Amino acid sequence: SIESLSAREREVLQLIAEGHTNTAIAGKLTLSVRTVEAHRARIMAKLRIRSQAELVRFAVQQGLVEP
């Protein structure tokens, strides 16, 4: 569930769902691309999500982004 994510993970999830690349997210949040990739992997593991599409669908359902 969304509560299992840290504030930073929620932020990364929102940017992913908005369609930003790992590189763009890294630039926006002043992180390395590898850190963004690690956040993405952790988010997907915590939510038991296996694809980008599922990740975006989850973010929309949670109201993080507009459909």
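The side chains of H39 and R42 are joined by a polar contact of 3.2 Å in this predicted model. H39 is found in helix α3, and R42 belongs to that helix as well, which covers residues 33–47. R42 also takes part in a network of salt bridges together with E9 and K46. Across the whole structure, a search finds three salt bridges.

**H39 and its surroundings**

- H39 is buried, because its relative accessible area of 10% falls under the 20% limit.
- When neighbours within four places in sequence are left aside, H39 is in contact with R8, E9, V12 and L31.
- Two of these residues, R8 and E9, also appear in the salt bridges described below.

**The network of E9, R42 and K46**

- E9 and R42 meet through their side chains in a salt bridge, with an N to O distance of 3.1 Å.
- R42 lies in helix α3 and E9 in helix α1, so this pair ties together parts that are 33 residues apart in sequence.
- E9 also forms a salt bridge with K46, where the N to O distance between the side chains is 2.8 Å.
- This second pair links distant parts of the chain, as E9 sits in helix α1 and K46 in helix α3, 37 residues apart.
- E9 is buried, with a relative accessible area of 3%.
- Its partner R42 is partly exposed, at 38% relative accessibility.
- K46 is likewise classed as partly exposed, with a relative accessible area of 34%.

**The pair within helix α1**

- R8 and E11 form a salt bridge between their side chains, with an N to O distance of 3.0 Å.
- Both residues belong to helix α1, which covers residues 7–17; because they are three residues apart there, about one helical turn separates them.
- R8 counts as partly exposed, at 30% relative accessibility.
- E11 is partly exposed too, and its relative accessible area is 34%.

**Background to the pairings**

- Side chains of opposite charge can pair when their charged atoms come close.
- In this model, salt bridges join R8 with E11, R42 with E9, and E9 with K46.

Technical notes: Residues numbered from 1 in each chain as written. Predicted model: local features only at pLDDT ≥ 70, side-chain atom pairs only at ≥ 80, totals over all residues. Heavy atoms only, no water. Salt bridge = Lys/Arg side-chain N within 4 Å of Asp/Glu carboxyl O. Helix = DSSP H or I, 4+ residues; strand = E, 2+ residues; numbered from the N terminus. Buried < 20%, exposed > 50% of the residue type's maximum accessible area, 1.4 Å probe, protein only. Polar contact = N/O pair within 3.5 Å; in protein donor to acceptor, adjacent residues only side chain to side chain. Contact = heavy atoms within 4.5 Å.
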